[in-house]
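Student: I should like to learn how to read a structural model feature by feature. May we work through one together?
Tutor: Certainly; let us take the features in turn.

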Amino acid sequence: MTVTTPVPRRLRRPAAPRDRGILSGFDWRRPRIFVGWRAMHVVLFIGLIALGAIPLAWMLRAAISTTTDLVQHPLSLIPDPAKWENIPTAWTLLDIGHYLGNTVVLVGGSWIVQLVVSATAGFALAVIRPWYGRYVYGAILLTLFVPGTVTLIALYLTVLDLPLLGIGLTDTPWAVWLPAGANAFTILLVKQFFEDIPRDLFEAAQLDGAGWFTIFWRIVLPMSRPILAVVSLLSIMTAWKEFLWPLIVLTDPTTQPLAVALPRLAQATDPAYLISGLLIASIPPILIFLIFQRSIVRGIGFTGLKG
């Protein structure tokens, strides 16, 4: 009778991952390959963290430093001395609260407009599927190949004097909100997600007497939270860092967002206070990403964009 001695758990070799990528399960069981690839993963992970964390750490250091320290020791990560009062001083001196409020208004409106346009356009192209949908879809695809700077003049003339209405939108939030809705990339993301929803659900709802609006509101939207989270993040991040378009259409300094106001104030502001303002402006988008990162990653996976 043969007695098998169990191998202690700490001495067992980790289970080989499933066959995926360029390495098979047999390759993963080879110690040299296993250790080499794991070491490369760790090095890449540490490198990515360093590339993302070092600029943020330097910005925090510069925000609580004196101008003399910034000039004499620009690459140092430890301020000497540390002046935490720079942040509240910058808030008051640069009127950060006012410009931050303008930014929130512009970003919130752009987010709502882009979310509504992307969801309704994606629903029409993927679910309703009118006979002219293929032509609209082709036109949307074409806009992806046109640089945004090429259309600035035409877009500005449109905002300056709206066709048929004869009104101008410059120096109003609508001049930023409405162009934000014309985002071909988010429309295509939502369309791809809606196409993956089984059409049997729509046909069953139509048999029960539901119209397109009921299907959109009660069936499609509740199932689309992941992709709506992705669209929300993209729209908020794009609107928060937008500089050129608000600079063109918002000529009144009192209506400008932080991204436009801070460069304008840079010439007459102490560099330490200016960087403190940049630090304050960077905190909200970072917090939004950290809070909704799970929904964002899940939505990207559903759209088939993950590797």
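Student: Does arginine 129 count as buried, partly exposed or exposed, and at what relative accessibility?
Tutor: The class follows from the relative accessible area: under 20% is buried, over 50% is exposed, and values in between are partly exposed. Arginine 129 has 45% relative accessibility, so it counts as partly exposed. Please keep in mind that this is a predicted model. The residue is located in the loop between α5 and α6 (133–143).

Student: What is notable about the phi of arginine 129?
Tutor: Its phi is positive, about 55°, although arginine 129 is not a glycine. Aspartate 95 also has a positive phi, near 55°, and is likewise a residue other than glycine. Aspartate 95 sits in the loop between α4 (86–93) and α5. Its relative accessibility is 38%, and therefore it counts as partly exposed.

Student: How much confidence should be placed in the model, and which elements have the lowest and highest mean pLDDT?
Tutor: The general idea is that where pLDDT is low, the predicted coordinates should not be read in detail. Here the protein chain averages a pLDDT of 83, and 87% of the residues score at least 70. Among the elements, helix α1 (residues 25–28) has the lowest mean pLDDT, 64, while α5 has the highest, 93. Over residues 7–17 the pLDDT is below 50, and this stretch has ten contacts in the model beyond near neighbours in sequence.

Student: How many helices and strands does the protein chain have?
Tutor: The protein chain has 15 helices and zero strands. Of its 307 residues, 32% are buried. Among contacts with a separation of 6 or more, 66% join residues 24 or more positions apart. The accessible surface comes to about 19600 Å², and carbon and sulfur atoms contribute 68% of it.

Student: How should one read the packing of two helices, and at what angle do the axes of α5 and α11 cross?
Tutor: One reads the approach of the axes, the crossing angle and the residues in contact. The axes of helix α5 (residues 96–128) and helix α11 (residues 212–223) come within 12 Å and cross at roughly 110°. Because angles of 65 to 115 degrees count as roughly perpendicular, α5 is roughly perpendicular to α11. The contact is formed by Ala119, Thr120, Phe123, Val127 and Ile128 of α5 with Trp212, Ile215, Phe216 and Val220 of α11. By class, these residues comprise eight nonpolar, one polar and no charged.

Student: Which residues of α5 and α14 make the contact between those two helices?
Tutor: The axes of α5 and helix α14 (residues 258–265) come within 8 Å and cross at roughly 145°. On the α5 side the contact involves Ile96, Tyr99, Leu100 and Thr103, and on the α14 side Leu258, Ala261, Leu262, Arg264 and Leu265. This contact has seven nonpolar, one polar and one charged residues.

Student: How far apart are the axes of α11 and α12?
Tutor: Their axes are 5 Å apart, and the two helices pack at an angle of about 70°. That makes α11 roughly perpendicular to α12. Leu221, Pro222 and Met223 in α11 meet Arg225, Pro226 and Leu228 in α12. The classes are five nonpolar, no polar and one charged.

Student: How should one read the surroundings of a single residue, and why does alanine 119 count as buried?
Tutor: One combines accessibility with contacts from elsewhere in the sequence. Alanine 119 lies in helix α5 and counts as buried because its relative accessibility is 6%. Apart from neighbours within four places in sequence, it is in contact with Val190, Phe194 and Phe216. Alanine 119 and leucine 221 are 102 residues apart in sequence, yet 8.4 Å apart in space, C-alpha to C-alpha.

Student: Where is serine 232 placed?
Tutor: Serine 232 is in helix α12 (residues 225–241). At 14% relative accessibility, serine 232 is classed as buried. Neighbours within four places aside, serine 232 is in contact with Trp111 and Leu115.

Student: With which residues is proline 246 in contact, leaving aside its neighbours within four places in sequence?
Tutor: Proline 246 is in contact with Pro257 and Val260. Proline 246 belongs to helix α13 (residues 244–249) and is buried, at 2% relative accessibility. Its C-alpha atom is separated by 9.2 Å from that of proline 173, which is 73 residues apart along the chain.

Note on methods:
Residues numbered from 1 in each chain as written. Predicted model: local features only at pLDDT ≥ 70, side-chain atom pairs only at ≥ 80, totals over all residues. Heavy atoms only, no water. Helix = DSSP H or I, 4+ residues; strand = E, 2+ residues; numbered from the N terminus. Buried < 20%, exposed > 50% of the residue type's maximum accessible area, 1.4 Å probe, protein only. Contact = heavy atoms within 4.5 Å. Areas by Shrake-Rupley, 256 points an atom, 1.4 Å probe, with all protein chains shown as cover. Axes fitted to C-alpha atoms, helices over the stretch in contact; angles between N-to-C directions. Parallel < 35°, antiparallel > 145°, perpendicular 65-115°, else oblique. Nonpolar A, V, L, I, M, F, W, Y, C, P; charged D, E, K, R; others polar. pLDDT = per-residue confidence, 0-100.
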